[in-house]
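I opened this model to look up a few points for my own notes. The entries follow in the order I took them.

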Amino acid sequence: DWNMPDYVTEAIEKVRAQVGKDEVILGLSGGVDSSVVAALLHKAIGDQLTCVFVDNGLLRLNEAEQVMQTFARNLGVKVIHVDASAQFMGHLAGVTDPEQKRRIIGREFVEVFQAEAQKLPKARWLAQGTIYPDVIESAGAKTKKAHTIKSHHNVGGLPETLNLKLCEPLRELFKDEVRELGIALGLPHEMVYRHPFPGPGLGVRILGEVKQEYADLLRRADAIFIDELRAADWYEKTSQAFAVFLPVKSVGVMGDGRTYDYVVALRAVETQDFMTARWAQLPYELLGRVANRIVNEVRGINRVTYDITGKPPGTIEWE
Ligand code: XMP
């Protein structure tokens with residue numbers, strides 16, 4: 001019988017009993033799971049927790065600012081903000097293959113995180129936002145033949161050489177329980193009910209080679225799409241929504257002039273398990289408003305399309 005206030009107290013006690021007076025390090029991504037772990041651990045052990053937030057240059061608009069605002073300024077959590085965007089961009093230069101991009105982004109993340117962890121020699125524990133479905137999935141992957149169509153690098157996969165014990169306080173929870181716990185811990189509703197965002201971020205939403213200029217354009221287009229979805233009360237009716245950058249140019253007109261600029265595709269899906277998905281039947285007016293705003297406000301993009309491919313045969317992401 002599930003009672004949230006009791007559960008919070010119990011979860012806090014468990015963490016305290018587990019880590020004692022040790023220091024704990026957590027990779028905070030801004031996603032639901034790591035955010036809930038940060039809030040829980042902060043409540044349980046205060047300043048024994050240090051979070052590391054890695055900006056890989058492939059995050060959404062103002063993401064770093066929002067994470068620092070919510071956790072460091074509002075909640076008083078110790079967060080180290082590492083701006084590693086130049087390092088990530090440097091290693092991605094010239095790389096076009098989606099899986100290779102994923103590997104590079106995963107590898108650089110581990111490297112940056114490890115360097116930060118070494119600056120905290122007193123840390124004994126690595127906290128992670130592993131939830132019950134992740135536990136089942138990785139157990140399944142070991143027994144069955146792991147069929148990975150795309151390799152999924154998340155904050156996980158940190159090397160054992162870190163020599164840290166694992167603290168995974170969400171291991172027994174389903175996603176909806178994690179959300180309830182987040183609300184009970186006082187996290188903002190928008191943070192707890194966020195769409196998932198892939199570990200490689202915009203790296204797999206910029207088709208082909210990742211460039212700073214593309215990332216900057218895509219961030220702005222994506223923010224407009226999400227703003228309008230929220231304003232129209234469609235954000236929570238979709239499971240995931242985002243813009244994709246297509247590095248091709250097409251001709252347009254603006255004022256008296258001809259433009260020759262890039263294209264973005266909008267993607268919005270409804271799904272239960274992300275294994276299959278339907279494209280969201282967004283109202284035409286909403287789509288029209290988003291397209292107008294993107295083309296008017298994001299100089300460099302002059303055409304917007306809407307992806308009406310289901311999964312299967314499409315995937316949710318374009319890479
Ligand atoms: P696909 O594109 O495979 O996406 O239909 C299914 C779900 O997985 C997410 N996704 C990823 N998440 N690292 C992640 O952490 C990845 O490399 C990755 N690729 C896809 C995708 O956003 C969707 O929620």
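Before I start on helices, I note the rule: helices (H or I, at least four residues) and strands (E, at least two) are DSSP runs, numbered from the N terminus. I also note that this is a predicted model.

**Entry: the annotated site**

I began with the UniProt record. Under "binding site", in an unreviewed entry, UniProt lists Ser-29, Gly-30, Gly-31, Val-32, Asp-33, Ser-34 and Ser-35. I picked two of these residues to follow up, Asp-33 and Ser-34.

I found Asp-33 in helix H2, which covers residues 32-45. Is Asp-33 buried or exposed? I get 22 C-beta neighbours inside 10 Å, and the cut-off for buried is 20 or more, so Asp-33 counts as buried. Next I asked which residues Asp-33 touches, leaving out those up to four places away in sequence. The answer is Gly-129, Ile-131, Leu-170 and Val-178.

Ser-34 also sits in helix H2. I count 22 other C-beta atoms within 10 Å of Ser-34, so this residue is buried.

**Entry: the strands around E1**

I turned to strand E1, residues 23-27. How many of its 5 residues are buried? I find 4, so E1 is largely enclosed by the rest of the structure.

Then I looked up the partners of E1. Strand E4, residues 123-127, pairs with E1 in the parallel sense over 4 bridges. Strand E2 runs parallel to E1 as well, joined to it by 4 bridges. I used Leu-26 to check both pairings. Leu-26 stands opposite Ala-127 in E4. In E2, its bridge partner is Cys-51.

I followed the chain from E1 onward. E1, H2 and E2 make a right-handed β-α-β unit. The helix of this unit is H2, where I had placed Asp-33 and Ser-34.

I carried on from E2, residues 49-55. E2 pairs with strand E3, residues 79-83, in the parallel sense over 5 bridges. Val-52 stands opposite Ile-80 in E3. Helix H3, residues 63-74, joins E2 and E3 in a right-handed β-α-β unit.

**Entry: the two domains**

I checked how the chain is divided. The domain assignment gives domain 1 as 4-192 and domain 2 as 205-306. How far apart are the centres of domain 1 and domain 2? Taken over C-alpha atoms, they are 28 Å apart. I noted the contact too: it takes 10 residues from domain 1 and 9 residues from domain 2. I sorted the domain 1 side by class and got 5 nonpolar, 3 polar and 2 charged residues.

**Entry: Ala-215**

I looked up Ala-215 next and found it in helix H9, residues 212-231. Ala-215 has 23 other C-beta atoms within 10 Å, so I enter it as buried. Which residues does Ala-215 contact, leaving aside neighbours within four places in sequence? I list Gly-57, Leu-58, Leu-202, Ile-206 and Val-210. I also took the C-alpha to C-alpha distance from Ala-215 to Val-244, which is 10.0 Å. These two residues are 29 places apart in sequence.

**Entry: backbone angles**

I finished with the backbone. My reference point is that most residues other than glycine have a negative phi, and most peptide bonds are trans.

Asn-62 has a positive phi, near 60°, and is not a glycine. I place Asn-62 in the loop between E2 and H3. Is Asn-62 buried or exposed? I count 11 other C-beta atoms within 10 Å, so Asn-62 is exposed.

Phe-274 also has a positive phi, about 65°. I found Phe-274 in the loop between strand E7 (257-270) and strand E8 (278-279). It has 13 other C-beta atoms within 10 Å, so I enter Phe-274 as partly exposed.

I then looked up two peptide bonds. The bond from Lys-311 to Pro-312 is cis, with omega near -15°. The bond from Pro-312 to Pro-313 is cis, with omega near 10°. Where does Pro-312 lie? I place Pro-312 in the segment after strand E9, 301-306. Pro-313 is in the segment after E9 too.

Notes:
Residues numbered from 1 in each chain as written. Predicted model: local features only at pLDDT ≥ 70, side-chain atom pairs only at ≥ 80, totals over all residues. UniProt positions renumbered as here; feature names shortened; annotations may be inferred. Buried ≥ 20, exposed ≤ 12 C-beta atoms within 10 Å, placed from the backbone. Contact = placed C-beta atoms within 7 Å. Domains from an automatic or database assignment. Nonpolar A, V, L, I, M, F, W, Y, C, P; charged D, E, K, R; others polar. Pairing = 2+ DSSP bridges. Right-handed = clockwise from strand over helix to strand, strands pointing away.
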